Amino acid sequence: MTKTDTPYQSLARPAVLIIGLLLLASNLRAPVTGLAPILDLLQAHFALSPAQAGMLTTLPLLAFGFISPFAALLAREYGLERTLFAAMWLVAVGLMVRSAGPLWCLYLGTAISGAGIAVGNVLLPSLVKRDFPLKVPVVMGICALVMGGTAALVSACVVPLTAAWGWQGALVGIIIFPIAAVAVWTTQLGAHTGPARDTAAPPHGGPVWHSALAWQVTLFMGINSLLYYVLIGWLPSILADAGYTPAHAGAVHGGMQLASAIPGIVLAPLVGRMKDQTRVAAAMALMMAVGLLGLLFVPAGATAWAVLFGFGSGGGILLALIFMGLRATNARQAAALSGMAQCVGYTLAACGPTLTGKLHTLTGDWTLPLAIGVALSLLMAAFGTLAGRARQIGDLAVGTKRTA
């Protein structure tokens, strides 16, 4: 065998690759979601309005929307391995800056970490396709479980750690995850592998942007992401107003994130066998609607409602990612659809936390924000029903050519 036999052999031991992959996944949610359980404390400490506090959740989403589509260009230029290595350093540096103390550092550090996470979000699937081409659904499901599990752990621990170390110590403690990833990824820096062909490409108009089906996929993903990050940012505050202690609210918040990872294990093997995905897409959105209704009318059952919402949202993002492949006719079109969906979807999602904070300020409670969330969930169900049909973006064009 030669050194160029397979990418999988580029590491001395396959175990190092698996560990590096899982450590990478552990950094793609926790640095963002770990802030929410102490958001009220930070609001009081810095005298922030709810809208200003919401910006702490919005900044990473803006990074996802604007930077994600360009991650593939960086990977093609510098190599997949080196780009991921740099992304983990960005996450680590952002966490250090965020915990430095001043308010401007809190915002700047959040944006820096968000940029690193954005690159990792795009290139993780590419890495899995490269090294585990025959086990993509299983490995991506495991990665999703690690993402949700790590985020849940951080959400559950950040309140007691804040009591022991202060908010700066609690937030900087998350740095163990990117530093561990950096340590493992140093073994990969000798390689210079490009990303998979269907990795998200920069958005650039073209036929995909004129496709109704592409917009259905994009809006299904965008509404799902908007609702998920609204609860990521504000669920602890919603629960605090309902009488929950900060520690209990943090645990419920973590449970929601863990539940969002379960569909990667449960649904991934089933979706490919379905004739279409209309019913399952609508079902995920309706689960989110029921979860929001429960939080609105029966907050005492918040644990069950948060788990239900988390499962529906996790299933929704999984389906959106699957649609990017199923609804495209080739790898190039899949990349264009992925770039469009991530750019528009995450930019739309970035509006959620800040607008929710403003609504809360105007109304004085969470009734209107939750009610709007229910309405958006129903709209998401409609887009999911359309996006879930067994059609492809090129179908209309092909039919037109045949009849011409």
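What radius of gyration does the chain have, and what would a compact globule of 404 residues have? Here are some notes on that and a few other points, offered with the reminder that this is a predicted model.

1. **Overall dimensions.** The chain has a radius of gyration of 21 Å, and a compact globule with 404 residues would be near 22 Å, so the two agree. Along its principal axes, the C-alpha trace spans about 60 × 50 × 35 Å.

2. **Secondary structure and contacts.** You will find 18 helices and 0 strands in the chain. Of the contacts between residues at least 6 apart in sequence, 85% join residues at least 24 apart.

3. **Burial and surface.** Buried residues account for 56% of the 404 residues. The chain exposes about 16,300 Å², and 71% of that area is supplied by carbon and sulfur atoms.

4. **Charges.** The chain carries 20 positive and 10 negative charges. The mean positions of these two sets are 9 Å apart.

5. **Aromatic pairs.** How many aromatic pairs are there? The count comes to 7. One to look at is Phe64 with Tyr346: the ring centres are 5.2 Å apart and the planes stand at 70°, and since planes over 60 degrees apart count that way, the pair is edge-to-face. Phe64 belongs to helix 4 (residues 50-67) and Tyr346 to helix 16 (residues 331-363), so this pair ties together parts that are 282 residues apart in sequence. Phe64 and Tyr346 are buried.

6. **A second pair, and a cluster.** Tyr228 and Tyr229 also form an edge-to-face pair, with 5.0 Å from centre to centre and 85° between the planes. Both of these tyrosines are buried. It is worth displaying the two pairs together, as Phe64, Tyr228, Tyr229 and Tyr346 form one aromatic cluster.

7. **Thr57, in contact with the cluster.** Which residues does Thr57 touch, leaving aside its neighbours within four places in sequence? They are Tyr229, Gly233 and Pro353, and Tyr229 is a member of the aromatic cluster just described. Thr57 sits in helix 4, the helix that also holds Phe64. With a relative accessible area of 6%, Thr57 falls under the 20% limit and is therefore buried. From C-alpha to C-alpha, Thr57 and Val230 are 8.3 Å apart in space, while 173 residues separate them in sequence.

8. **Ser260, in contact with Tyr228.** Ser260 is found in helix 11 (residues 246-261). Is Ser260 buried or exposed? Its relative accessible area is 17%, which is under 20%, so Ser260 counts as buried. Once neighbours within four places in sequence are set aside, Ser260 is in contact with Tyr228, Gly310, Phe311 and Gly314. Tyr228 links this point back to the cluster, where it appears with Phe64, Tyr229 and Tyr346.

9. **A backbone detail at Ala47.** Please have a look at Ala47, which has a positive phi of about 55° although it is not a glycine. Where is Ala47 placed? Ala47 lies in the loop between helix 3 (39-46) and helix 4. Its relative accessible area is 64%, which is over 50%, so Ala47 is exposed. In helix 4, which follows that loop, Thr57 is by contrast buried.

Notes. Residues numbered from 1 in each chain as written. Predicted model: local features only at pLDDT ≥ 70, side-chain atom pairs only at ≥ 80, totals over all residues. Heavy atoms only, no water. Helix = DSSP H or I, 4+ residues; strand = E, 2+ residues; numbered from the N terminus. Rg over C-alpha atoms; globule rule 2.2 N^0.38 Å. Buried < 20%, exposed > 50% of the residue type's maximum accessible area, 1.4 Å probe, protein only. Contact = heavy atoms within 4.5 Å. Areas by Shrake-Rupley, 256 points an atom, 1.4 Å probe, with all protein chains shown as cover. Lys, Arg positive; Asp, Glu negative; His and termini not counted. Charge placed at Lys NZ, Arg CZ, Asp CG, Glu CD. Phe/Tyr/Trp six-rings, centres within 6.5 Å; stacked < 30°, edge-to-face > 60°.
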